[in-house]
Amino acid sequence: MLVDIQDAKKTYQGASGQVLAVDGVSLSVDGGEFVAVQGPSGCGKSTMLLLAGGLLAPESGSVQIAGEDPYALTADARSKFRADNIGFVFQQFHLVPYLSVLDNVLAPSIATGSPGADQRARELIDQFGLSHRLEHTPGELSSGERQRAALARALLNEPKVMLADEPTGNLDTENATEVLKHLRDFASAGGAVLLVTHDAQAAAAAARVIHLRDGKLDTATEA
Amino acid sequence: MSVWRLVLREMKHRKANFVLSLLSVTVAIACLVGAQTLLRSDEIQTETILAEKQVEIESAITKREEAVAAAGEALEDSVRKDMLKLGFNVLIVPENQDLSELHLNGTLTETMPESYVDKLANSKIVTINHLLPSVTKRVAWPEKDIDVIVQGTRGEVPIMHRGLKKPLLDAVPPGTMVVGYQIHSKLGLKADDKVTLLGKEFTVKTLHPERGSSDDVTVWIDLAEAQKMLGMENVINAILALECGCTGDRISQIREEIAGVLPGTNVIEKHSQALTRAESRAKAKVAAETALQAEQEAGQAALARETKSRTDIQNQRAGLVGILVPLVLIGCALWIGFLAFGNVRQRNSEIGILRAIGLSSNQVLAIFLVKAGLIGLIGGIIGAAVGVLIGIQFGSLPPSGDTLQRIFATSAVFMTVVLAPLLAPIFSAIASWLPAQMAAGRDPALVLQAE
């Protein structure tokens with residue numbers, strides 16, 4: 001099991017008191033699986049993604065990624081763990097604005113220092129059809145190109161798990177379809193994909209859809 | 001991809017932040033180096049002024065010394081000449097000689113061995129010169145029917161430990177006679193006349209002009225002849241001498257010295273008026289030397305005052321620099337910190353995503369500190385160069401290679417200029433430390449949630 005969340009709880013201090021963002025959620029995603037998490041705004045989707053990404057420790061319950069509890073690691077070891085095992089894709093792309101496409105894709109290699117990163121980055125950029133944009137900065141790219149660059153960055157260190165938070169939210173249908181295709185390809189190659197989305201069409205690309213409501217698992221259906 | 005590359009790209013991207021940060025470091029280092037250079041420039045100028053002043057004072061004193069020395073030599077020469085003109089002014093006589101006889105008759109009756117003069121000449125005496133042994137006796141010149149003083153002399157005996165000096169008067173050769181004014185004018189004598197005295201014939205060698213003393217009634221003949229004629233073989237009545245240009249109680253000094261060599265003698269000083277004049281001159285010389293010493297002291301005091309004045313000015317400037325430079329450094333450090341803080345805020349999202357994709361907090365810290373260090377290095381180099389230029393431009397020395405060399409000759413300035421580019425990165429990193437720590441401590445989950 002690449003992602004294994006068991007009875008995880010997470011609360012926030014809101015303006016009107018404590019808010020239970022994730023309330024005893026259990027979720028497992030195996031290698032080769034593409035799972036979508038759907039639910040209304042504020043239902044805890046993004047919090048669950050952060051829990052699964054080793055970025056937000058649960059107050060109770062457990063999180064295992066690739067068989068290891070990232071929250072049992074030191075902060076720096078957890079960072080390295082993320083670099084080695086998890087790829088992130090966000091709705092806002094979160095590309096570094098002053099770096100070229102190539103440098104953005106290479107950014108995770110600062111953490112790992114892995115040799116051959118440059119070659120792999122160029123291959124990914126080629127694979128995502130951005131070879132002609134190699135030295136362009138994000139400001140010079142279209143939304144679809146930016147998200148593809150973000151996808152390439154997420155894949156640089158060959159992660160086992162891909163976490164995508166509304167990756168198609170800012171894309172047109174064509175680009176959204178292409179991004180979802182790449183996520184499916186990742187899963188087909190043996191990776192685990194956890195996609196958080198409002199978009200039913202995007203969720204439909206997943207093999208399994210999980211619904212969250214008020215921080216709780218509502219229902220799960222096979223796509 | 002490396003932290004360096006990321007830092008360089010970011011600096012290129014956010015030029016305003018980079019330029020303002022660089023400016024702050026440059027100002028801080030330029031202020032530090034410039035202040036050091038200015039102080040050193042002042043120091044060099046002070047050294048130059050004081051050296052010139054020293055030379056000026058020394059030159060004036062040397063000239064004055066030379067003038068005093070020349071005046072002293074002239075004075076001594078003048079005194080010597082006066083003494084020489086006056087002739088012998090010290091008379092050494094046997095201790096039991098009745099001096100009233102000398103004063104009343106101009107003659108002496110007591111004797112002492114002639115060898116005394118050689119004993120004196122071979123001693124180390126310093127208070128007298130020109131020793132002249134003599135016998136003196138008042139006799140009736142039967143052939144001419146007048147009374148005369150016969151004085152026998154043998155010429156001066158040189159003092160052995162001194163160099164030979166020109167005699168004050170020439171010896172009277174045997175068979176000749178030197179005649180005083182009253183005698184030759186009364187007897188109508190001329191040079192080369194033949195005269196007989198006490199049965200012995202003499203040729204008149206010299207006729208003295210009037211002197212207004214017992215010399216006018218004196219005839220001088222060879223000492224040995226006089227001793228034989230007067231029955232005074234191997235004895236003398238007196239030793240005439242010329243005292244040196246001593247000051248103070250001369251006669252006591254001479255008496256003391258001669259008593260050590262010739263016990264049983266007495267020393268009489270003559271011609272005190274001239275000696276008084278010589279004493280006045282000697283006093284004038286002492287006064288001139290005192291004035292010279294006062295001038296030397298005044299010169300040194302003036303130099304000390306100038307040194308103190310320059311040192312005070314330098315201390316004041318150093319004090320001002322000691323306050324201003326730290327203030328500028330603190331101001332620049334705060335400004336660098338403020339800019340770094342702004343940079344961290346501006347890069348909030350970037351920090352979040354970098355942390356999410358695996359960069360550790362130390363790597364994020366490094367991104368900000370490397371940037372600060374790089375800005376410090378560049379700013380340090382530019383600031384050091386600008387500081388030196390400002391220091392020279394606003395310093396009191398002409399801008400030249402020689403000035404640079406003199407300024408850098410001091411290890412303090414040299415070390416400041418060399419160390420500034422090395423210390424500036426540390427300065428910049430310290431100023432950016434808190435914002436960098438803040439960036440490193442950012443929780444990526446919070447950042448991503450906020451986004």
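# Notebook: strands, cores and a serine

**Entry 1, a strand pair in chain A.** I started with a single residue: A:I5 has A:L27 as its bridge partner in β2(A). I'm working from a predicted model here, so that goes at the top of my notes. Next I looked up the strands themselves. Strand β1 of chain A covers residues 3-14, and it runs antiparallel to β2(A), with 10 bridges joining the two.

**Entry 2, the whole sheet.** Which strands make up this sheet, and in what order? I found three of them in chain A, ordered β2-β1-β4, in an open sheet with antiparallel pairing. The edges are β2 (17-29) and β4 (60-65), and each has a single partner strand, so one side of each has no neighbour in the sheet. I also checked the twist, which averages 30 degrees from one strand to the next.

**Entry 3, around A:M48.** I then listed what A:M48 touches, skipping its neighbours within four places in sequence. My two residues from the first entry turn up again: A:I5 and A:L27 are both among its contacts. The others are A:V22, A:V25, A:V37, A:L194 and A:L212.

**Entry 4, the nonpolar cores.** Which residues have the most contacts inside the largest nonpolar core? They are A:M48 and A:L194, in a core of 83 residues. I looked up where the largest share of this core comes from, and the answer sits in chain B: helix α10 (residues 361-394) supplies 10 residues. Another core lies apart from this one, and I counted 41 residues in it, including B:I146, B:V157, B:V179 and B:I236.

**Entry 5, domains of chain B.** I noted the domain assignment while I was in chain B. Domain 1 is written in two pieces, 3-53 + 300-450, and domain 2 is 88-270. Taken over C-alpha atoms, the centres of these two domains of chain B are 96 Å apart.

**Entry 6, zooming in on B:S123.** I picked a serine in the loop between α4 (115-121) and β3 (128-141) of chain B. Is B:S123 buried or exposed? Its relative accessible area is 11%, and the cut-off for buried is under 20%, so B:S123 counts as buried.

Then I checked its polar partners. The side chain of B:S123 reaches the backbone oxygen of B:L120 at 2.6 Å. A polar atom of that same side chain lies 3.5 Å from the backbone nitrogen of B:I125. Setting aside neighbours within four places in sequence, I found B:S123 in contact with B:I159, B:H161 and B:V261.

Key
Residues are numbered from 1 along each chain as its sequence is written. Chains are lettered from A and ligands numbered from 1 in the order in which they are written. This is a predicted model: local features need pLDDT of at least 70, side-chain atom pairs count only at pLDDT 80 or more; totals for chains, interfaces and linings use all residues. Side-chain values use heavy atoms; hydrogens and water are left out. Domain bounds come from an automatic or database domain assignment. Helices (H or I, at least four residues) and strands (E, at least two) are DSSP runs, numbered from the N terminus. Buried means under 20% relative accessible area, exposed over 50%, partly exposed in between (1.4 Å probe, protein chains only). A polar contact is a pair of N or O atoms within 3.5 Å; within protein, one must be able to donate a hydrogen and the other to accept it, and residues adjacent in sequence count only if both atoms are side-chain atoms. Contact means heavy atoms within 4.5 Å. A nonpolar core is a set of buried Ala, Val, Leu, Ile, Met, Phe, Trp, Tyr and Cys residues joined through side-chain atoms within 4.5 Å. Two strands pair if DSSP finds at least two bridges between them. Axes are lines fitted to C-alpha atoms, for helices over the stretch in contact, and angles run from 0 to 180 degrees between N-to-C directions.
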